[in-house]
Amino acid sequence: MTNDTWGQARESLQTAIGKNNYQTWIEPLTFVSCEDGVAEFGVQTSFQGDWVSRNFGEEMLRQFDKLDAGVDRLRFSVQPKRSAPAKQAQAPEEFARPQAPKPQKKATATEEALLGAPLDKRFTFDRFVVGKPNELAHAAARRVAEGGPVSFNPLFLYGGVGLGKTHLMHAIAWELQQRSPELRVVYLSAEQFMYRFIQALRDRQMMDFKSLFRSVDVLMVDDVQFIAGKDSTQDEFFHTFNALIDQQKQIIISADRAPGEIDGLEERIRSRLQWGLVVDLHPTDYELRLGILQQKVEQYRSQYQELKISDGVLEFLAHRISNNVRVLEGALTRLFALASLVGREITLEMAQESLADILRQSDRKVTMDEIMRKICDYYNVRMSDLLSPKRSRNIARPRQMAMWLAKHLTQRSYPEIGKRFGNRDHTTVIHAVRKIEELKAQDSQVAEDAELLRRMLEA
Ligand code: ADP
Ligand code: MG
């Protein structure tokens with residue numbers, strides 16, 4: 001078989017197994033060689049090779065037969081990828097044609113989502129910029145990635161969307177595979193876990209499902225909040241979790257909030273998740289955003305072409321674009337495209353113009369109204385009371401919290417905030433903000449309330 005034949009085979013494979021399967025599993029394969037009837041393909045993880053071999057091996061051979069490619073066997077070997085950490089090629093996964101091939105089942109959408117997702121090759125530790133808001137999470141991830149016995153199990157990472165949870169998990173997986181290629185590292189989202197579980201139930205393959213999950217060395221489940229309220233999935237997750245912990249296998253979990261804040265999560269799971277180390281990724285700050293922007297520009301320059309950006313453009317973006325790193329990246333991608341089109345230095349004006357919509361969206365600051373409504377919900381007080389002159393503690397405290405939030409989440413001045421809260425004087429607002437700061441330092445309940453409310457409003 002030649003590269004050309006592989007090209008043709010790929011086309012018919014796409015029709016045979018569906019576009020999604022194709023993109024997820026076949027496209028990432030690299031054709032290495034074909035000798036003595038053995039076609040060798042490079043994969044990024046042994047896991048990926050396993051999966052392709054088991055699920056699409058027959059179909060691949062069928063397509064090769066049609067093209068008279070002279071292939072009797074497939075071999076999948078883990079290849080060092082250019083941008084992924086270099087690693088030793090490991091014992092290849094082989095797929096030999098079964099004696100009497102069973103008719104190939106049509107792959108379904110559920111099946112396709114069955115096994116862990118392939119890892120994103122950009123999500124390595126090298127490319128993770130560390131700053132104050134994520135330094136703890138980063139340190140914990142590094143520690144787990146070193147392998148060997150870890151004193152915390154599971155590692156539970158949480159934080160808002162786009163703050164780097166998935167990036168860190170993939171980075172751990174890459175690093176572990178580089179250090180110990182023999183380890184079976186499985187990364188998947190909680191949603192994929194559920195699909196696999198349902199599929200196994202339907203196909204009466206629960207034994208396979210259980211033994212597969214109990215045989216991994218490191219299990220990573222991303223966005224675990226997804227299984228909240230889904231009882232049988234939670235149950236299975238719980239058993240898998242316990243079995244692995246009993247065998248002292250490392251587990252890494254992520255969620256968009258702390259275990260205690262995930263509604264609809266069984267109490268026993270919640271408490272198990274808190275056994276290990278729970279660390280959060282805080283919303284990015286200006287320095288971290290700037291650092292990320294600078295790193296991405298460097299990468300772009302080293303990979304593609306010279307890129308001239310006027311002084312102050314990155315600083316401007318770091319100031320104006322929100323916490324979510326994904327949004328920041330989107331803005332940069334557009335700037336890169338612009339730069340390659342205009343072929344000259346990107347000025348601040350050009351940046352502002354081409355990113356107008358993103359900037360407008362990021363400008364969507366929390367409104368006073370939203371703050372007040374959230375406070376009423378949270379503390380169960382009436383809006384009219386919040387605005388009234390009443391000074392009993394059960395109303396004054398929520399009102400102070402609302403003012404504190406208004407000061408931190410909006411651009412409003414003290415007098416403006418005072419006016420909005422039943423025409424109060426600006427000194428009252430100043431006092432309220434100070435009061436909450438003081439209480440936050442002394443009373444962990446207040447600190448938690450403030451943090452939670454801020455997160456909810458910013459989400
Ligand atoms: P989450 O899973 O928390 O929603 P992701 O890990 O998917 O977020 O991150 C979103 C995007 O931002 C990814 O492209 C990721 O590489 C990037 N990113 C997030 N944090 C950092 C960081 N500290 N340094 C570099 N890139 C980052
Ligand atoms: Mg994620």
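Gln234 touches a set of residues beyond its immediate sequence neighbours: Ile227, Ala228, Gly229, Gly264, Leu265, Glu266 and Ile269, with anything up to four places away in sequence left out of the tally. This comes from a predicted model, so every value here is computed from predicted coordinates. Gln234 itself sits in helix α9, which spans residues 231-246. With a relative accessibility of 0%, Gln234 counts as buried, since the cut-off for that label is under 20%. Its polar end is not left idle, though: the side chain of Gln234 reaches the backbone oxygen of Gly264 at 2.8 Å. Gly264 therefore turns up twice for this glutamine, once in the list of touching residues and once as the polar partner.

Further along, helix α9 also holds Phe241. Phe241 has a relative accessible area of 3%, so this residue is buried too. Leaving out residues up to four places away in sequence, Phe241 touches Pro154, Ile251, Arg272 and Leu273. One of these, Ile251, falls within strand β8, which covers residues 250-255. As for longer distances, the C-alpha atoms of Phe241 and Lys308 are separated by 50 Å, with the two positions 67 residues apart along the chain.

That brings in the sheet. Five strands make up an open sheet with parallel pairing, in the order β6-β7-β8-β5-β9. The edges are taken by β6 (185-189) and β9 (277-281); each has a single partner strand, so one side of each is left without a neighbour in the sheet. Going from strand to neighbouring strand, the average turn is 15 degrees, direction ignored. Within the sheet, β7 (residues 218-222) pairs with β8 in the parallel sense over four bridges, and Val218 has Gln250 as its bridge partner in β8. Helix α6 (residues 165-179) lies across β5 (155-159), β6, β7, β8 and β9, and runs at about 165 degrees to β7.

A simpler piece of strand pairing shows up earlier in the chain. Strand β1 (residues 30-35) and strand β2 (residues 38-43) run antiparallel and are joined by five bridges. Thr30 has Gly42 as its bridge partner in β2. The two strands form a hairpin with two residues between them, and Asp36 in the turn has a positive phi of about 50 degrees.

Then there are the cysteines. A search of the whole structure turns up zero disulfides. Cys34 has a relative accessibility of 21%, so this cysteine counts as partly exposed, just past the 20% limit for buried. Cys376, by contrast, is at 12% relative accessibility and so counts as buried.

Zooming out, the domain assignment splits the protein chain into domain 1 (3-82), domain 2 (125-280), domain 3 (286-362) and domain 4 (368-458). Taken over C-alpha atoms, the centres of domain 3 and domain 4 are separated by 35 Å. Gly422 lies in the loop between α19 (414-420) and α20 (426-442). At 37% relative accessibility, Gly422 counts as partly exposed. The C-alpha atoms of Gly422 and Asn242 are separated by 54 Å, and the two residues are 180 places apart along the chain.

Technical notes: Residues numbered from 1 in each chain as written. Chains lettered and ligands numbered in written order. Predicted model: local features only at pLDDT ≥ 70, side-chain atom pairs only at ≥ 80, totals over all residues. Heavy atoms only, no water. Domains from an automatic or database assignment. Disulfide = S-S within 2.5 Å. Buried < 20%, exposed > 50% of the residue type's maximum accessible area, 1.4 Å probe, protein only. Pairing = 2+ DSSP bridges. Axes fitted to C-alpha atoms, helices over the stretch in contact; angles between N-to-C directions. Contact = heavy atoms within 4.5 Å. Polar contact = N/O pair within 3.5 Å; in protein donor to acceptor, adjacent residues only side chain to side chain.
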